[in-house]
Amino acid sequence: MIVAMKKAFLVVQSKDRESTLKNLCKLGLIHIEHTRDPKGREITLIQENLNLANQAIGILGNFIKEPRAFSKGEKEKGDLKFVIQHIIDLHKRYEQLKEYSVTLKSRVDQWERWGDFEPGDIDALKKKNIYLRFYEVLKDQIGSFPKGLIIKKIFTQGSAVKCLAISWGEPEVPFKEIELPKLSLSAMKKRLNEDALALGSIRDDLSAHAPYLEALAAFKNSLRQELEFYEAIYGTGEAEELTYLKGYIPFDSEKKLIAAAQKEGWGLLLKEPDENDNVPTLMRNPPWIALIRPVLKLLEVVPGYRELDISPVFLIFFSLFFGMLIGDAGYGLVYLLLTTLAHKKIGKRVKNKSIFFLFYVLSSCAIIWGLLIGSFFGQEWLLKAGYKPLAPDLNNVSFIQAFCFLVGAIHLSIAHSWRAILKAPSLSALADIGWISILWAAFFIAKTLLLGDVFPVFGKWLIIAGLVLVLFFTKPQRNLLKAAGSGLGTIALGLMNNFTDIVSYVRLFAVGLATVAIADAFNAMALSVASGGIVAVMMSGLILIAGHGLNIILGPMSVLVHGVRLNVLEFSGHANVTWSGFEYKPLSEK
């Protein structure tokens, strides 16, 4: 659920501004809303240091395969600011050398077939009136050189001839001269080798900074906290000798803030947020509902303060969608084993362990659905082996499509039911009941148009009742014509959307069917090559690993695309959740 918030105003003497904010950090209760745009020398300096720290961490992340701590013989040298600058300077040198090496390598490739010579020697000959010039001409242009020149063909490349023209005195040649390199071929190769050694040395130097990663991450966090603190300082309002700030606190933290204000002598005003206030969102849910938080974090979506927290419905239906989209007990078992392994290996280092328990739930749903339809690393071989699916009707194309439409109708009806409950006893709740009626009419229309079922007699009454309720109760008022005008616009926008939203749930069937079909195809391919000795059996095994591995990797991606969409777009649209919120982040010392 979304926790109710209180709007807090604090007034203190300007001389106590910094000490007040430090005390607020210790309390860790108030989400600061800046009264003015925070600007100051300290903020600029911290942001610069934060950018440098981010650069250094990014650089080390590209050069270090595995983070490690300092060994017994190693010691942390210098302050972190010096280390950061050293890392950045090393990387700049590395990029410059790398870029120069690429250019130099192309020059070596260009002059390799010309042979090794000293460009300085050619310049020295010019002083003696002897000219050596390099040209690239077409084969039929060789005879176009002026008389008196000695033309030496060096090599041919396609239709072009690379040649050397030798003359006494500077001749007029109708072709563009090839510019000489600044170094000889041997010198370029030597420099290339030296640069390769230098690049390796820089890589080793950067890798040796691996133990600093943890300290740099901590330094980055401390800079963020410091930035937040100074933004709070410079974001306060000022009036003569007084400083004031505003923010938001959870309703159940009111007593703590009042006690602190009485103790410190702050001026404090607490009130309910207005409609126009930009209130942060704080969600508190029981542990089983909080399992969905990692998904919301990944998507970076937060419901608005005045919107619904759809976490429980999201979790339930997301789990169902995961099972249907993966659609295989074998894949579910792989996810379960991988989750168990990750939990044991890195569980102690992960503060929020809900991600592991979420995958336990999702993996179990995939296993259950696989057992219901009879799919374990493919379906065909299992059915041939005599396994009887627990729900054989789910393998019937018409039945599973109708089931998807039913899931959609139930899912979206929950959204409108929830809205109706929140609106009650207002008459506008009847409009959501009308939309539920229209949704179920859309469900029967989808079955009729796409599956050939007979449209029920009561279906038209669902449409009529729904239209009437939406028409007159979207914005209920005594003037029925005005009320109908408001409802008419809503119907025009939403009527077709209800049908298409119901039909969009068929993606659960389509993607799940594709997963099983791919598994069966690779099984058949592996079986077809398995009867030719040990090599054939090994090839068959590789086909199985590649095919099922592809499904195992792509499965979660399809869930993110389709399973998330049905919750974040379709359901949220009907529940009027726009995900326009931002997280409650109190000023704190953490």
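**Exercise 1. Is Asp 123 buried, partly exposed or exposed?**

Start with the ground rules. This is a predicted model: local features need pLDDT of at least 70, side-chain atom pairs count only at pLDDT 80 or more, and totals for chains, interfaces and linings use all residues. Residues are numbered from 1 along each chain as its sequence is written, and side-chain values use heavy atoms, with hydrogens and water left out.

Step 1: get the cut-offs. Buried means under 20% relative accessible area, exposed means over 50%, and partly exposed sits in between (1.4 Å probe, protein chains only). The areas come from the Shrake-Rupley method with that 1.4 Å probe, and for residues only the protein chains shown count as cover.

Step 2: apply them. Asp 123 has 41% relative accessibility, so it counts as partly exposed.

Step 3: place the residue. Asp 123 belongs to helix α4, residues 119–127. Helices here are DSSP runs (H or I, at least four residues), strands are E runs of at least two, and both are numbered from the N terminus.

**Exercise 2. Find the patch that Asp 123 helps to form, then a nonpolar one.**

Step 1: know what a patch is. Its residues have over 30% relative accessible area and no salt bridge; like charges are joined within 9 Å, and nonpolar side chains (Val, Leu, Ile, Met, Phe, Trp, Tyr) within 5 Å. Asp and Glu count as negative, Lys and Arg as positive, while His and the chain ends are not counted. A charge is placed at NZ of Lys, CZ of Arg, CG of Asp or CD of Glu.

Step 2: pick the negative one. Asp 116, Glu 118, Asp 121 and Asp 123 make up a negative surface patch.

Step 3: pick the nonpolar one. Val 529, Val 535, Met 539, Leu 542 and Ile 545 give a patch of about 490 Å². Of these, Met 539 sits in helix α18, residues 534–574, and at 44% relative accessibility Met 539 is partly exposed.

**Exercise 3. Trace the salt bridges of Lys 7, Glu 136 and Arg 293.**

Step 1: set the rule. A salt bridge needs a side-chain nitrogen of Lys or Arg within 4 Å of a carboxyl oxygen of Asp or Glu. That rule gives 23 salt bridges.

Step 2: take Lys 7. Its side chain meets that of Asp 277 at 2.9 Å, N to O. Lys 7 is in strand β1 (residues 5–13) and Asp 277 is in the loop between β8 (267–271) and α8 (293–299), so the pair ties together parts 270 residues apart in sequence. Lys 7 is buried at 6%, and Asp 277 is buried at 13%.

Step 3: take Glu 136. This residue pairs with Lys 162, with the closest N and O atoms 3.8 Å apart. Glu 136 is in strand β3 (residues 130–138) and Lys 162 in strand β5, 26 residues apart. Glu 136 is partly exposed at 45%, whereas Lys 162 is buried at 9%.

Step 4: take Arg 293. Its partner is Glu 583, at 3.4 Å between the closest N and O atoms. Arg 293 lies in helix α8 and Glu 583 in the segment after α18, so this bridge ties together parts 290 residues apart in sequence.

**Exercise 4. Describe the surroundings of Ser 167.**

Step 1: Ser 167 lies in strand β5, residues 160–168. Step 2: Ser 167 is buried, at 8% relative accessible area. Step 3: its side chain reaches the backbone oxygen of Gly 169 at 2.9 Å.

Definitions and conventions:
Polar contact = N/O pair within 3.5 Å; in protein donor to acceptor, adjacent residues only side chain to side chain.
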